[in-house]
Amino acid sequence: MDDLNALALGAADQITIETERLLLRPLRVSDAGLIAHYTADRRVAEGTRAIPHPLPPGAAEGFVARALAADRREDVWAIDGSHSQLAELLGVVSLTRMEGDQSELGFWVGAGFWNTGFATEAVAGLVAANPHGSRTLFAEAFQDNPGSARVLTNCGFVYLGDAESWSVARNARVPTWTYLRKMA
């Protein structure tokens, strides 16, 4: 029980953000099942740097525990659609602290919610709230995932250049487009 109390305290310092159809809220221990379900889809895992495929037992629970830890560097929000009669978790959006008032944005949504505008709405809501008080946000999209690139450009991110990142699910380096958004 002490572990659950510690996790709840870790999420206490993370704000909740409302958008038109969504609630961006700290993860809950109960989100692990849907996270495991959505990320078991190879297409979702291969669209990220860090999600393995197949997902090992306990990986989703470990992700939630890290997201709720008081000493985390990354804040993760559940994209919650329950106020719009949708699932409590449609995907996640995150900010990782970097040096010099900068953060890196990441996101994914379950494949059943692609092309619905939920990712764009969630990213736009997080950018507008700017909970880290960042002066610059960075993000990247794999070059074979133009949908994620559209989400970023729709939210005011500007193309910065090409790079590559390691994808755990693909077990390979993957070409990326890097984006930047100056905040005030």
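Which side chain does the side chain of serine 94 join through a polar contact of 3.0 Å? In this predicted model, the partner is glutamate 74, the contact running from side chain to side chain. Serine 94 itself belongs to strand β4, which covers residues 91-98. Its relative accessibility is 8%, so serine 94 counts as buried, the cut-off for that class being under 20%. Beyond its neighbours within four places in sequence, serine 94 is in contact with several residues, among them Asp75, Val76, Trp77, Leu105 and Leu126.

The strand that holds serine 94 is part of a wider arrangement. An open sheet of 8 strands with mixed pairing follows the order β1-β2-β3-β4-β5-β6-β8-β7. Because β1 (17-18) and β7 (158-167) stand at the edges with a single partner strand each, one side of each has no neighbour in the sheet. Strand β4 runs antiparallel to β5 (residues 102-109), and 8 bridges join the two. Within this pairing, leucine 95 has leucine 105 of β5 as its bridge partner.

Across the sheet lies helix α5, residues 118-129. The strands it crosses include β3 (74-80), β4, β5 and β6 (136-142), and the helix runs at about 160° to β5.

Leucine 105 also appears in the largest nonpolar core, which has 45 residues. Together with Leu27, Val123 and Phe157, Leu105 touches the most other members of that core. Helix α5 supplies the largest share, 6 residues. Apart from residues up to four places away in sequence, phenylalanine 157 touches Leu105, Val123 and Val127, as well as others including Leu137, Phe138, Leu152 and Tyr179.

Definitions and conventions:
Residues numbered from 1 in each chain as written. Predicted model: local features only at pLDDT ≥ 70, side-chain atom pairs only at ≥ 80, totals over all residues. Heavy atoms only, no water. Helix = DSSP H or I, 4+ residues; strand = E, 2+ residues; numbered from the N terminus. Buried < 20%, exposed > 50% of the residue type's maximum accessible area, 1.4 Å probe, protein only. Polar contact = N/O pair within 3.5 Å; in protein donor to acceptor, adjacent residues only side chain to side chain. Contact = heavy atoms within 4.5 Å. Pairing = 2+ DSSP bridges. Axes fitted to C-alpha atoms, helices over the stretch in contact; angles between N-to-C directions. Core = buried A, V, L, I, M, F, W, Y, C linked by side-chain atoms within 4.5 Å.
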